[in-house]
Amino acid sequence: MSVTERYKEAWEGFWEDAPEGPGGVFWDAEPALTAGLHLALFEPELTAAGLPLVDLGCGNGTQTRFLADRCRRVVGLDLSGAALDRARRSDPAEQADYRQVDATNAAQVNALHAELGDANVYVRGVLHQSEAVDRQALVDAVATLVGERGSGFVVELSERARPILHDLATSPAGPPPKLQPVFAHGIAPAEVSDAALRGYVTEAGLAVLASGELPLITTEFTSDGTRIELPSLWLVVGRTPRQTTGSG
Ligand SMILES: C[S@@+](CC[C@H](N)C(=O)[O-])C[C@H]1O[C@@H](n2cnc3c(N)ncnc32)[C@H](O)[C@@H]1O
């Protein structure tokens with residue numbers, strides 16, 4: 001399968017219109033507050049096998065470049081050519097490779113796995129904005145890319161994000177400025193229920209090796225200057241039991 005044209009065009013339009021530069025996009029928070037925290041939770045798997053790392057749904061590559069500073073080989077993968085153009089422009093040193101891949105397309109994902117071999121996979125905030133019908137295929141892609149030896153780190157808005165998003169979207173003053181283009185391009189964030197996320201993992205033939213909750217840090221602030229943080233759920237997934245104890 002593949003995503004619909006409408007969905008792909010929504011992301012292309014979003015990235016074509018998005019402002020350049022760090023923090024211009026709602027979720028484009030500093031890596032020290034995002035991937036940096038995630039790396040600590042994913043460390044045992046990341047360092048164990050010396051595998052390449054795939055950032056699935058890398059967007060403009062802010063987190064990808066941070067990961068590339070710390071991992072031997074990193075590949076940023078995204079559906080949107082406009083997102084990847086930005087990621088490449090922001091990475092003149094070519095720290096990472098970037099590939100245009102629809103992660104719901106099994107043939108494209110299999111081809112990447114054939115090229116890279118087993119990989120570790122980082123997924124931040126991709127499933128909750130995808131169409132519900134695509135979510136299993138996205139987690140299947142994680143399973144394909146990790147193969148037998150890799151592991152995945154998946155972090156998604158939890159179901160507790162729903163009322164907060166609802167309040168932001170329906171605020172009398174209108175949604176916060178950086179959330180408006182997300183709604184305008186028809187890629188409104190929904191939440192994946194925590195049980196559904198775990199169900200996709202099981203259905204894909206993977207096990208949850210560790211899990212926990214963390215705020216998903218955004219680049220927006222409420223009128224009283226508080227940074228908007230959305231509850232999120234993180235999972236380390238793979239085929240073999242964890243050797244060390246997780247914190248979740
Ligand atoms: C909310 S953004 C998150 C970007 C990045 N992970 C981050 O944390 O900054 C979701 C990204 O996933 C990409 N995406 C959505 N569906 C995808 C698919 N089927 N295959 C590959 N990328 C996809 C979008 O183009 C978008 O760049």
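Which of the 21 residues around the ligand come nearest? They are Gly57, Asp78, Ala103, Arg124 and Gln129. This is a predicted model.

**The ligand's polar neighbours**

Three polar contacts of the ligand are set out here. In each row, the ligand atom is a nitrogen.

| Residue | Partner on the residue | Distance |
|---|---|---|
| leucine 79 | polar backbone atom | 3.1 Å |
| aspartate 102 | N or O atom in the side chain | 3.0 Å |
| alanine 103 | polar backbone atom | 2.9 Å |

Alanine 103 appears in the table through its backbone, and Ala103 is also among the residues that come nearest to the ligand.

**The sheet**

Now turn to the strands. Seven of them form an open sheet with mixed pairing. Their order is S3-S2-S1-S4-S5-S7-S6. Why do S3 and S6 each have one side left without a neighbour in the sheet? Strand S3 (97-100) and strand S6 (207-221) stand at the edges, and each has a single partner strand, so one side stays free of a neighbour. On average, neighbouring strands here are turned by 20° against each other, direction ignored.

**Around strand S2**

Start with strand S1 (residues 53-56). S1 pairs with S2 in the parallel sense, over four bridges. One pairing links leucine 53 to its bridge partner in S2, valine 74. Between these strands comes helix H3 (residues 62-70), and S1, H3 and S2 make a right-handed β-α-β unit.

The chain then crosses from S2 to S3 through helix H4 (residues 81-89). This β-α-β crossover is right-handed too. S2 and S3 run parallel and are joined by four bridges. Here glycine 76 stands opposite tyrosine 98 in S3.

Is S2 (residues 74-78) mostly covered or mostly open? It is mostly covered: five of its five residues are buried. In a regular strand, side chains alternate between the two faces of the sheet. In S2, Val74, Gly76 and Asp78 lie on one side. Val75 and Leu77 lie on the other. Both faces are covered, and these residues are all buried. Asp78 also belongs to the group that comes nearest to the ligand.

**The other end of the sheet**

S6 pairs with strand S7 (residues 227-238). The sense is antiparallel, and the pairing spans eleven bridges. Two prolines meet here: proline 231 in S7 is the bridge partner of proline 215.

A helix lies across this region. Helix H9 (residues 194-203) lies across strand S5 (151-157), S6 and S7. H9 runs at about 30° to S7.

Methods
Residues are numbered from 1 along each chain as its sequence is written. This is a predicted model: local features need pLDDT of at least 70, side-chain atom pairs count only at pLDDT 80 or more; totals for chains, interfaces and linings use all residues. Side-chain values use heavy atoms; hydrogens and water are left out. Two strands pair if DSSP finds at least two bridges between them. Axes are lines fitted to C-alpha atoms, for helices over the stretch in contact, and angles run from 0 to 180 degrees between N-to-C directions. Contact means heavy atoms within 4.5 Å. Buried means under 20% relative accessible area, exposed over 50%, partly exposed in between (1.4 Å probe, protein chains only). A crossover is right-handed if, with the strands pointing away from the viewer, the path from the first strand over the helix to the second runs clockwise. A residue is near a molecule or strand if one of its heavy atoms lies within 4 Å of it. A polar contact is a pair of N or O atoms within 3.5 Å; within protein, one must be able to donate a hydrogen and the other to accept it, and residues adjacent in sequence count only if both atoms are side-chain atoms.
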